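Me: Could you take a close look at one pocket for me, with the cut-offs spelled out?

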Amino acid sequence: MSILNPKSHHSIVREIQTLLLSHKHIHLRWLKAHVGYLGNECANQLAKEAITKGDPFLLPKPLSYLKAEIKSAALSIWQDNWDNGETGLSTHDRI
């Protein structure tokens with residue numbers, strides 16, 4: 001469904017969309033899993049082998065996660081500066 005979304009901001013999705021637009025002979029279709037489609041069964045087998053060999057498929061973290069991490073780190077730095085800094089200390093002590 002992500003590939004069908006023209007407003008997707010995920011880099012992997014955008015890359016797939018670009019590739020699909022430049023290769024009109026490639027068509028993606030939904031297949032029911034585990035019913036004997038040879039290509040699907042081969043893909044499942046390769047995925048299982050990759051996992052057992054310790055070669056996981058890593059996806060980058062979404063932008064929302066990175067934004068939350070940056071915000072948390074910035075707030076932590078700010079709080080440390082507030083607690084240990086000289087500026088504003090008189091206001092801090094009155095609270």
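Reply: Here's a walk through the second largest pocket and one residue of its lining.

Quick housekeeping: this is a predicted model, where local features need pLDDT of at least 70, side-chain atom pairs count only at pLDDT 80 or more, and totals for chains, interfaces and linings use all residues. Residues are numbered from 1 along each chain as its sequence is written, and side-chain values use heavy atoms, with hydrogens and water left out.

The protein has four helices and zero strands (DSSP runs: H or I of at least four residues for helices, E of at least two for strands, numbered from the N terminus).

The second largest pocket has a volume of about 160 Å³ (the space filled by probe spheres set on grid points that are joined across faces, edges and corners). A pocket here is an open set of points on a 1 Å grid over the protein atoms alone, where a 1.4 Å probe fits, with protein on both sides within 12 Å along at least five of seven lines; lining residues have an atom within 4 Å of a point. Its lining is Met1, Ser2, Ile3, Leu4, Leu20 and Leu28. By class, that's five nonpolar, one polar and no charged residues (Ala, Val, Leu, Ile, Met, Phe, Trp, Tyr, Cys and Pro are nonpolar, Asp, Glu, Lys and Arg charged, the others, Gly among them, polar).

Now zoom in on Leu28, which sits in the loop between helix H1 (11–22) and helix H2 (38–52). Leu28 counts as exposed because its relative accessibility is 56% (exposed is over 50%, buried under 20%, partly exposed in between, with a 1.4 Å probe and protein chains only). Across the protein's 95 residues, 4% count as buried.
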